[in-house]
Amino acid sequence: MAVFSPEDGDHLDFQVLAAGGVSLYFQHEVLAEDLAALAIESYEIVQFDEEALDSVEGFHFEARLKLGFPETYEPTVASLRDALSKMSISESGGMALILPGIERIAAEDRNGLQEILDVIFELSHRFMLTGRRFLALLQSDDPELELGTLGARPIPWNSRESEGWTRGL
C-alpha cells in the first residue's frame with residue numbers, strides 16, 4: 001500500500017517526508033498553521049517542552065517522558081533508535097515530533113543534536129516503507145541556524161555479504 005497518492009504532492013506531510021522527514025521553522029505562526037494542517041490529517045502531535053530542550057540530555061528526558069519510553073531507556077543514540085523504532089504509529093495519520101527552541105541544543109552540543117536528527121531521518125524513511133508517517137518539525141528562534149545534512153551515510157553491503165568473511169576478508 002502506498003503511503004501517498006499521486007495527488008498528495010502538495011500536502012505538507014508529503015513535502016516534509018520527501019525532504020527527509022525533518023523540517024526547520026523560524027516563525028511560530030507558520031509552525032502553528034502547519035500543526036493545524038497535520039492535525040486535520042489525523043497526525044498525533046507530540047510537543048516537546050522548549051525549556052527542557054536546552055541539552056541533548058534534556059531531549060532524551062523529554063523523549064522518554066513524552067513518548068512513553070520504558071524505564072530501561074538510556075540517554076543514548078542507540079537507545080533512542082531502539083525505542084523510536086518500536087513506537088506504534090497509526091497508518092491512518094502519522095506522528096509529528098515538535099522540537100521548539102532547537103538552537104539551544106545546537107549551541108550546546110551540535111554533534112549530539114546531529115546524531116539525534118540522523119536517527120529521526122533514518123526512522124522516518126523506515127516507517128514510510130511500512131506505510132507509516134513519522135516526521136519532526138524543529139523550531140528555531142535563530143533565523144540563521146544551519147543544521148547541516150541528514151542521511152549522509154556509506155552504502156552498506158547487502159545482507160548476505162555484510163560480514164567481512166563472506167567477502168573473503
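**View 1. Buried residues of helix α6 in the predicted model.** Twelve positions need no hunting here: Gly-112, Leu-113, Gln-114, Ile-116, Leu-117, Val-119, Ile-120, Phe-121, Glu-122, Leu-123, Ser-124 and Phe-127 are the buried residues of α6. The helix has 20 residues. From first C-alpha to last, α6 reaches 29 Å, close to the expected 28 Å. Just after α6, Gly-131 adopts a positive phi of about 80°.

**View 2. The largest nonpolar core.** This core holds 33 residues. Leu-67, Leu-84 and Phe-134 touch the most other members. Two or more residues come from each of α3 (56-67), α4 (77-85), β3 (94-99), α5 (102-108), α6 (110-129) and β4 (134-139). Helix α6 gives the largest share, 7 residues. Another core, of 14 residues, lies apart from this one. Its members include Leu-17, Leu-35, Leu-38 and Tyr-43. In soluble globular proteins, nonpolar side chains tend to be buried together.

**View 3. Contacts around Leu-84.** Neighbours within four places in sequence are left aside. Leu-84 is then in contact with Leu-67, Phe-69 and Phe-134, and also with Val-119, Ile-120, Leu-123 and Phe-127. Of these, Val-119, Ile-120, Leu-123 and Phe-127 are among the buried residues of α6.

**View 4. Arg-126 on helix α6.** Arg-126 has a relative accessible area of 46%, so it counts as partly exposed. Its side chain makes a polar contact with the side chain of Glu-122, at 2.8 Å. Glu-122 is itself buried. The C-alpha atoms of Arg-126 and Ser-85 are separated by 8.6 Å, although the two residues are 41 apart along the chain.

How values were computed: Residues are numbered from 1 along each chain as its sequence is written. This is a predicted model: local features need pLDDT of at least 70, side-chain atom pairs count only at pLDDT 80 or more; totals for chains, interfaces and linings use all residues. Side-chain values use heavy atoms; hydrogens and water are left out. A nonpolar core is a set of buried Ala, Val, Leu, Ile, Met, Phe, Trp, Tyr and Cys residues joined through side-chain atoms within 4.5 Å. Buried means under 20% relative accessible area, exposed over 50%, partly exposed in between (1.4 Å probe, protein chains only). Helices (H or I, at least four residues) and strands (E, at least two) are DSSP runs, numbered from the N terminus. Contact means heavy atoms within 4.5 Å. A polar contact is a pair of N or O atoms within 3.5 Å; within protein, one must be able to donate a hydrogen and the other to accept it, and residues adjacent in sequence count only if both atoms are side-chain atoms. The expected span of a helix is 1.5 Å times one less than its number of residues.
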